[in-house]
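Colleague: I would like to learn how to read a model of this kind, feature by feature. Could we begin with what it takes to call a residue buried or exposed?

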Amino acid sequence: MTDQPDRAQPETVQRRRPAADDAGAVAVAATPHGAAPGSGDLTDELLRSDQWTDEMVRAAGIPVTDIPFLTIGGGIGSFVTVDYLRIAGVSTDRIAVLSNLDFAWQTYEYLTRVSQIPRPERIRSDSASRPDNIWGFPSYALAEAVGERTFAPLWQVLIEPIWADYYTPKAGRVFAGLERESQRISWSQMLVKGQVRMVRKRQGGGYFVILTPMAGSAPTKRLAYRAEFVHLAVGYPGLRFLPELQEFRTAHQDFHHVVSAYEEHEHVYEAARTKHLVVMLRGGGIVASRVLARLMDDRAKYGLSTEIVHLFRTYISSSHGPNAWNRRKGAHGFAYQGFNYPKSVWGGQLKARVRRLEGDDRGKAYKLMGGTNTPYRRRWQAQMQEGRDAGWYRTMAGTVEQMRLDQGKIISVVKTQTGMVEVAADFVVDCTGLEADIAEHRVLADLLEHSGAARNPLGRLDVERTFELRGSGSGPGVMYASGATTLGGYFPGVDTFLGLQVAAQEIADDLARRGFCRRIGTFRSITQWLRWARDQQP
Amino acid sequence: MLPTLGGRIQTRLILLAVVGGVVTLIIGPLLPISAPLSVVYQDTFVILAAVAVLGIGWECLYHFGMQWRWEKDWPTLFGLATAIPEGLLVWLLLKAGAIPGISGTVPAAAFVIDFALVWLAVWLVANGPMRVPFIRWRFHGGRLV
């Protein structure tokens, strides 16, 4: 994210302060106290060189801390990877998490909250995809059934998806579970707060990671970490608006009437409660569905007269696909799919298939399963039908050629199949997504330029089946990447909870092969699960 | 379930052997069959083997049917509901005397109880606890090797 999450939001979790004499904290906290003389910032030589020597870093006066494994990002991707390693027996003094987040689900919670999935609402994720539990057992459905003393979730996972919507957990349950696991694996002991500036190969093996620590927390501007294994899970580089919306916002300096669903936009719903509004929605995915659901729910709850115009760039009116074996359902503009990807990417047919494909073939496979989609939820279907019948919910297919302001209303000139149509709205909500090029992220751009990283058929980081960053090996050291930045590789479901765990498993197994940790076998898996169940540290 | 063809077959065979075997061992003495225990065990284990062997064919059929699903998943309920056609087939073959190794006749009640309990146990294990000892199983389409 290019903008920091809103610091004014209330703390959702108690922060644990690591004890000063805690062995786990020593390796990481030592640096601010052992400052070396020198400018402590990156020199020209460092910026220019593809490979750094220990002397170069010393000459720059940047203090160096040794840590065998470090992960950059500190979000869900780093969390599940570290979780795997802790369960594989790696102690906290051998792992560091470099992040600007206070807790692993901070960005995720912020984004889900503003895109209208607050804690009581359900996210779009399978019952057995538990980022706080590598086994996926007990599933969220089982845990909810036990916790709420009701059979309903169990019944739903029994009859899904034919006779009920796919069960998905409430956001609050997911975050509570992450908090428990975070404390269990002593996450805060491994956490180093700051902004990672770059990663470079080290002559002799391993990597240097440059961190800009929080202002005032260290005597030098930069800190260096020398690691044998580096893991990148930096997420989406940032928000990207549709070009015409970006133009409008910049030209009119109006950030109030044209908003992204991924930023705080509660004022739209507040305005809807005070007067008749016309809201234009752009996008056909889960976020558009959630924003629409919020508008429809408020309409029903407060007796409002909000009108919604939903513009789809690609309008899906029925089942679509090249043949009977590749047909996805759709209607009224939306393509329907239970989860972010066809389910078999998380372990079934599609995973096995894409694992064997290279280059163009892989690109084509992604294209086939691609396209914006949303889950089919019975309640939403009923609400949308009501809206269509009563006329307050209209869908359109087309693209916006230009936007202008006219007497306080935003006029969008839409190019449809039947010609140009002008649509007037009070607010425009862009629900089209977080996609941005990986080179917009400084660390990734630097890797592409200096460390041998390459792009895959979809333009993101090229990784092996083991999630090793291809081309950036350094002596016995290896760099791994997982999550959204690796979309387009041998594993299709990367930017999902379970996808991050699949990557974490591959990475942990690869690290075991390289001697960094033990391989989680059957016996270890059972004993560790029992420890998880009893909330005992790994 | 997110199975591949190989995974389905492996899971079926291994679970029937281990979970099915344990359940059959336990319920043997409790089944309503008026025959010596050795005969009961002979019959029930032969039925277990029959379900396994026929099961390979059934799994191929399910895999084929699954191709019509966009998600390429095998819904949980299907794993339970397929007990009916599979059980029916084994029963018909039993009655026709087409299953080798069966001694005497197996009463309907005993068969239903035996088949249902083994099926339920296998289904329950596959849909939850299996993930605890085998962390790679569900990501490999059901393959254990």
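Modeller: A residue counts as buried if 20 or more other C-beta atoms lie within 10 Å of its own, and as exposed if 12 or fewer do. This is a predicted model, and in it Gln116(A) is buried, because 23 other C-beta atoms lie within 10 Å. Asp535(A), with 10 other C-beta atoms within 10 Å, is exposed. Across chain A, 49% of the 538 residues count as buried.

Colleague: What is the sign of phi in Gln116(A), and where in chain A is this residue found?

Modeller: Most residues other than glycine have a negative phi, and most peptide bonds are trans. Gln116(A) has a positive phi, near 70°, and is found in the loop between H5 and H6 of chain A. Asp535(A) also has a positive phi, near 60°, and its place is in the segment after H18 of chain A.

Colleague: Which residues does a cis peptide bond join in the loop between H5 and H6?

Modeller: A cis peptide bond, with omega about -5°, joins Phe137(A) and Pro138(A), and Pro138(A) lies in that loop between helix H5 (106-114) and helix H6 (140-148) of chain A. The bond from Glu160(A) to Pro161(A) is cis as well, with omega near -15°, and Pro161(A) is in the loop between H7 and helix H8 (171-184) of chain A.

Colleague: How is the overall form of chain A to be read, with its helices and strands?

Modeller: Chain A has 18 helices and 19 strands. Its radius of gyration is 24 Å, close to the 24 Å that the globule rule gives for 538 residues, so chain A is as compact as a globular protein of that length. Among its contacts with a separation of 6 or more, 68% are between residues 24 or more positions apart.

Colleague: How many residues of chain A are in contact with chain B?

Modeller: The size of an interface is often given as the accessible area lost when the parts come together. Here the description is by residues in contact, 31 of chain A with 24 of chain B. The largest share of the side of chain A that touches chain B, four residues, comes from H18(A), and by class that side has 18 nonpolar, nine polar and four charged residues.

Colleague: At what angle do the axes of H2(B) and H4(B) cross?

Modeller: The axes come within 10 Å and cross at roughly 125°, which makes H2(B) oblique to H4(B). The crossing is right-handed, and the residues that make the contact include Leu54(B) and Trp58(B) of H2(B) and Leu89(B) of H4(B).

How values were computed
Residues numbered from 1 in each chain as written. Chains lettered and ligands numbered in written order. Predicted model: local features only at pLDDT ≥ 70, side-chain atom pairs only at ≥ 80, totals over all residues. Contact = placed C-beta atoms within 7 Å. Helix = DSSP H or I, 4+ residues; strand = E, 2+ residues; numbered from the N terminus. Nonpolar A, V, L, I, M, F, W, Y, C, P; charged D, E, K, R; others polar. Axes fitted to C-alpha atoms, helices over the stretch in contact; angles between N-to-C directions. Parallel < 35°, antiparallel > 145°, perpendicular 65-115°, else oblique. Left-handed = near helix turned anticlockwise from the far one by under 90°. Rg over C-alpha atoms; globule rule 2.2 N^0.38 Å.
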